[in-house]
Every structure is written in structure tokens, then in C-alpha cells.
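Dear colleague,

Please find below the structure that I agreed to pass on to you. My notes on it follow.

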Amino acid sequence: MGRTEDVSAAIALLIEDNPRAKLADCRVYATAYVEWMEADVKITKNGLVVANPTNGLPMENPYIRVRAAARAEMARLPNIRHTDRLWR
């Protein structure tokens with residue numbers, strides 16, 4: 001699946017499990033969830049420390065911050081009850 005399909009699938013699950021939630025909140029949560037998953041895969045693949053593309057020196061993987069920002073965005077929406085089906 002591509003990013004658009006992943007977000008659409010996550011929105012559908014969130015709406016089903018949160019029938020009273022606003023669609024906009026489900027979209028924000030789903031987008032953040034997909035960003036979190038993509039960043040997590042890249043961190044797992046490349047590690048916490050990567051080579052700086054400019055000078056080759058070690059640096060913190062930039063996807064660590066992407067993952068943290070996405071997680072913070074999901075936490076900002078307390079009215080969305082995450083579904084365990086998302087995390088499979």
C-alpha cells in the first residue's frame with residue numbers, strides 16, 4: 001500500500017472505532033500514525049545514529065524527531081481512542 005492508501009485505511013478504522021469523533025481529528029490522527037510508522041521503519045532499518053550526508057560524520061537519525069513529533073500529535077487528540085487494529 002502507498003501512503004495515501006495507508007492513511008485512508010487508518011481513517012476508516014478510526015471512524016469505525018470512534019463513531020462520535022470528528023472526521024478532521026481522525027484524519028490528523030491517521031496521518032500522524034502513518035508518519036510515525038514510516039519513521040519507525042526507517043529508524044529500525046538505519047539505526048539511531050546515521051552518517052551525515054554532507055560530511056559523513058555520525059549524527060542522530062533525523063527520523064527520531066519525526067517519530068516523536070508524530071507521537072505527540074497523536075497524543076494531542078485525547079478524544080480519539082486508538083484502535084489496536086492500527087498497530088498490527
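Two residues are said here to be in contact when they have heavy atoms within 4.5 Å of each other. In that sense, and leaving aside its neighbours within four places in sequence, Val 49 is in contact with Pro 58, Met 59 and Asn 61. Please bear in mind throughout that this is a predicted model.

Val 49 belongs to strand S1, which covers residues 49–51. The residue counts as exposed because its relative accessible area is 54%, and the cut-off for that class is over 50%. Between Val 49 and Asn 79 there are 35 Å in space, C-alpha to C-alpha, for a separation of 30 residues in sequence.

The chain as a whole

The chain contains three helices and two strands, and from the N terminus these elements follow the order α-α-β-β-α. Its C-alpha trace spans about 50 × 25 × 20 Å along the principal axes. Of the 88 residues in the chain, 30% are buried. If one takes the contacts between residues at least 6 apart in sequence, 60% of them join residues at least 24 apart.

Helix H2 and its contact with H1

Helix H2 (23–46) has 24 residues, and the distance from its first C-alpha to its last is 35 Å, close to the 34 Å expected at 1.5 Å a residue. Its buried residues are Asp 25, Cys 26, Tyr 29, Ala 30, Ala 32, Tyr 33, Val 34, Trp 36, Ala 39 and Ile 43. The buried residues of H2 pack against both H1 and H3. Just after this helix, Gly 47 adopts a positive phi of about 90°.

Helix H1, residues 3–17, packs on H2 at an angle of about 130°, and the two axes are 8 Å apart. The two helices are therefore oblique to each other, and H1 passes H2 in a right-handed crossing. On the H1 side, the contact is made by Arg 3, Asp 6, Val 7, Ala 10, Ile 11, Leu 14 and Ile 15. The residues that H2 contributes include Leu 23, Cys 26, Tyr 29, Ala 30, Tyr 33 and Val 34.

Helix H3 and its contact with H2

Helix H3 comprises the 13 residues 63–75; at 1.5 Å a residue it should span 18 Å, and its end C-alpha atoms are indeed 18 Å apart. Which residues of H3 are buried? They are Ile 64, Ala 70 and Met 74. These residues cover an arc of only 130° around the axis, so they lie on the same side of H3. The buried residues of H3 pack against H2 and against strand S2 (58–60).

How are H2 and H3 arranged relative to each other? Their axes come within 8 Å and cross at roughly 155°. Because angles over 145 degrees count as roughly antiparallel, H2 is described as roughly antiparallel to H3. The crossing of H2 past H3 is left-handed. Among the H2 residues that meet H3 are Val 28, Tyr 29, Ala 32, Tyr 33, Trp 36, Ala 39 and Ile 43. The H3 residues on the other side of this contact include Tyr 63, Ile 64, Val 66, Arg 67, Ala 70 and Met 74.

With kind regards

Technical notes: Residues are numbered from 1 along each chain as its sequence is written. This is a predicted model: local features need pLDDT of at least 70, side-chain atom pairs count only at pLDDT 80 or more; totals for chains, interfaces and linings use all residues. Side-chain values use heavy atoms; hydrogens and water are left out. Helices (H or I, at least four residues) and strands (E, at least two) are DSSP runs, numbered from the N terminus. The expected span of a helix is 1.5 Å times one less than its number of residues. Buried means under 20% relative accessible area, exposed over 50%, partly exposed in between (1.4 Å probe, protein chains only). The arc is that of the directions from the helix axis to the C-beta atoms. Axes are lines fitted to C-alpha atoms, for helices over the stretch in contact, and angles run from 0 to 180 degrees between N-to-C directions. Angles under 35 degrees count as roughly parallel, over 145 as roughly antiparallel, 65 to 115 as roughly perpendicular and the rest as oblique. A crossing is left-handed if the near helix is turned anticlockwise from the far one by less than a right angle, and right-handed if clockwise.
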